[in-house]
Amino acid sequence: MATRESAVRVGLVYPELLGTYGDRGNALVLVQRCRWRGIDAELVEVAAGEPIPDSLDVYLFGGGEDDPQNMAAAGLRDSRAAIERGWQGGGVVFAVCAGFQLIGHSYVAADGAVLEGIGLIDAVTNAGPSRLIGEVVVDPAPPLPRLTGFENHGGRTTLGSGVAPLGRVVSGGGNGDGSGTDGALAERLMGTYLHGPVLPRNPALADHVLRWVVGDLPPLDSTWEERLRAERIAAGTKTGLTKWWQDRMLARG
Amino acid sequence: MSALSARTRVAVAAGSATGWMSRVTGRGAGATISGRVINRISPHALDELAAGLRVALVSATNGKTTTTKLLTAALRTGPDPVASNHTGANLTSGIAPVLAAATKPGLAALEVDERVVARVLDPLRAELLVLGNLSRDQLDRYGEVHAVGAAWRKVAEAHPDLHVVANASDPHVVYAAQPARTTWVRLGLQWRSDAATCPACGALLDWSTDRFRCPQCGFAEPDTVNVLDGDTLVLADTRVPLRLSLPGQWNRYNAALAITAAVDHFGIDPQVAADAAAHVDTVAGRYMTVPLADGRRARVFLAKNPAGWSEVLHWVAGTAASVVIAVNARVADGKDPSWLWDVPYELLRGLPAAAAGDRCLDVAVRLRYAEVEHAVEPDPLRAAAALPGDEPVLLCTYTQFSALYRKFGDGDA
């Protein structure tokens, strides 16, 4: 960590197109968790229409509506070589929802139209019969602790046989293809359907991503993030009568 | 009410009884449940109830309640009685009891939910549609902005003679209103995050000048002689100072739309309309003050979505002494508060602040990353009482707001 000379460049890719669900929050959390530890970090916004550079330390791809997702896919394909260079050269890819779909091979819409992704991982997504909406809880492989997020998507993503998921779905939909998993995990790459946004709710996941870039991290007080995480996991894992009561309370107002 | 069918009369009576029950049992203000009963008993009630009324509809993601109240105030300077539903009960079922109680012949200025416009326009024989803005709102329930804009456009295409008064600066609104007979008002658009792509062809919009333009298909901000210029509404050659009692730039947008509609469609004198709008100071509880335990009062603002929050935060940052951010994520708020991260809470740095509401922990974490020092207290009134200043500002999502309105509202509807 101490050997690092330049600032950590956290790239928020196409925020106008892939930022429907607070995805900026993931970028802000990575930047602040560096700065609060005395590690220089900067937020690099790549505006839609601009080429994506190969010099980013983190490539954040977020969620988006259909038209914007189509636009974003075209831009990502144009910059595919640079993204791959950046990733292979030590950068991290962190992709959420529509962004997760786009780092796979393709997204097939309900009308059969095929939207080509950039194929960083072996995964395909098909439009499902319904939208998966609500709190999600996921158990990832150790050392990561239980994750909380909020999903809102119509995709059903199937991973290739050589690709590991991010984790097992405890409650909610996730990849939604019947595998009971969410997301994808590869070397310095993570895909997930978890919004929320996911990093403010899961500080350990944020630090896991940062360690891929900077190595060991000094500890950081995350009391409030952990309180939020505990509250959301409790809300997301309720079943039976307590779930019924929670839904009743949410319908008030 | 003599021209109504027996069935509709029964429906309205049953609806009123249900509404009274709803109010006395404390379940709600009664307008929505009573309307539902009316529609169930007499499906053609809206057609019948609107007979003898010249109907203007107002819709938008943000500002429809306020715009409706301002339009109503402007129209009431004229000779005709004006009915209105400016309490926020804006679904089909919320409109019926208002029409049942309306004096006929007369005018009706009705706020309608964005997704209800297409359903009520024909039965009400609306002659004017006022369209403000479209942005993301309650993503878990309503889905995409583009879909709402496309539904509005279908209405305009089916009614090419319909008079529309619309915001020329919002691409979704322009796309929707173009096929109709539209009077444009240039209001400017502060929140552009939901208008990156062209509603017509999906290409990236060019926002490099103050006016949007699509480099691919030519879709662009329409030219108009009606422009909001600071605190002045310019209607062709007439300059109308607004001087509103309501705070914030966003209320100038609302007033500009309402006054243009009153002048252009109903022939009200511009200055008379503006003076009427200037006197409006609360709108169904928005901007009301509520008592704190120590004798001070807090001023209540409703912000429902990122565009609304963004507008109000700019105002708060320059004006307020302290601020409570009270956020719920119940069904009526939208269960996904991820928009917290799209809103520039960084503007509040240096201002005494508190995180409140069911989701005060989400707010607390958001404020931490914005580096805004804050207290955490779920109860918004207790949170406000612990803050300094003569009049803390209390920013609320919908269900936080409506709980305060039920408790402290002055019945200004």
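Helices in this text are DSSP runs of H or I with at least four residues, strands are runs of E with at least two, and both are numbered from the N terminus. With that naming in hand, we can walk through the structure, which is a predicted model.

Let's start in chain A with helix α3, which spans residues 80–88. Which of its residues are buried? They are A:Ile83, A:Gly86 and A:Trp87. These three cover an arc of only 95 degrees around the axis, so they sit on the same side of α3(A). On the face turned away from that buried side you will find the exposed residues A:Ala81 and A:Gln88. The cover over the buried residues of α3(A) includes three strands of chain A: β3 (58–61), β4 (92–96) and β12 (189–192). After the helix comes A:Gly90, with a positive phi near 115 degrees.

One residue to look at beside this helix is A:Tyr59. Setting aside neighbours within four places in sequence, A:Tyr59 is in contact with A:Ile83, A:Gly86 and A:Trp87, among others. Those three are the buried residues of α3(A). The contacts of A:Tyr59 also include A:Gly11 and A:Val13, as well as A:Gly91, A:Val92, A:Val93 and A:Phe94.

From here you can follow the strands. β4(A) and β12(A) run parallel and are joined by four bridges. In this region A:Phe94 stands opposite A:Met190 of β12(A). Strand β12(A) has another partner, β11 (residues 184–186) of chain A, which runs antiparallel to β12(A) and is joined to it by three bridges. Here A:Ala186 stands opposite A:Leu189 in β12(A).

The hairpin formed by β11(A) and β12(A) has two residues between the strands. One residue to check in the loop between these strands is A:Arg188. Its phi is near 50 degrees, a positive value in a residue other than glycine. Most residues other than glycine have a negative phi, and most peptide bonds are trans. Is A:Arg188 buried or exposed? The answer lies in between: A:Arg188 has 16 C-beta neighbours inside 10 Å, so it counts as partly exposed, since a buried residue needs 20 or more and an exposed one has 12 or fewer.

Chain B offers a counterpart to look up, B:Ala284. Its phi is also positive, near 45 degrees, in a residue other than glycine. You will find B:Ala284 in the loop between α11 (270–279) and β10 (289–291) of chain B. B:Ala284 counts as buried because it has 26 C-beta neighbours inside 10 Å.

Two cis peptide bonds also deserve a look. In chain A, the bond from A:Pro142 to A:Pro143 is cis, with omega near 15 degrees. A:Pro143 belongs to the loop between β7 (123–140) and β8 (147–159) of chain A. In chain B, a cis bond links B:Lys104 to B:Pro105, with omega about -5 degrees, and B:Pro105 is placed in the loop between α5 (92–100) and β3 (106–111) of chain B.

Back in chain A, strand β6 (residues 114–116) contains A:Leu115. With 19 C-beta neighbours inside 10 Å, A:Leu115 counts as partly exposed. Beyond residues up to four places away in sequence, A:Leu115 touches A:Asn70, A:Ala73, A:Ser106, A:Tyr107 and A:Ala109. Its C-alpha atom is separated by 18 Å from that of A:Ala81, and the two residues are 34 apart along the chain.

Now let's bring the chains together. The contact between them takes 33 residues from chain A and 29 residues from chain B. On the side of chain B that touches chain A, the elements giving two or more residues are α7 (139–142), α13 (360–369) and α15 (398–408) of chain B. The largest share there, six residues, comes from α13(B). By class, this side of chain B has 12 nonpolar, eight polar and nine charged residues.

Finally, the cores. In soluble globular proteins, nonpolar side chains tend to be buried together. The largest nonpolar core here has 118 residues, of which A:Leu30, A:Tyr59, B:Val324 and B:Leu395 touch the most other members. The element that gives the most to this core is α13(B), with seven residues. Domain 2 (50–279) and domain 3 (289–408) of chain B both give residues to this core, so it lies between them. A second, separate core of 84 residues includes B:Ala50, B:Ala73, B:Ala102 and B:Ala156.

Key:
Residues numbered from 1 in each chain as written. Chains lettered and ligands numbered in written order. Predicted model: local features only at pLDDT ≥ 70, side-chain atom pairs only at ≥ 80, totals over all residues. Contact = placed C-beta atoms within 7 Å. Nonpolar A, V, L, I, M, F, W, Y, C, P; charged D, E, K, R; others polar. Arc of directions from axis to C-beta. Pairing = 2+ DSSP bridges. Core = buried A, V, L, I, M, F, W, Y, C linked by C-beta atoms within 7 Å. Domains from an automatic or database assignment.
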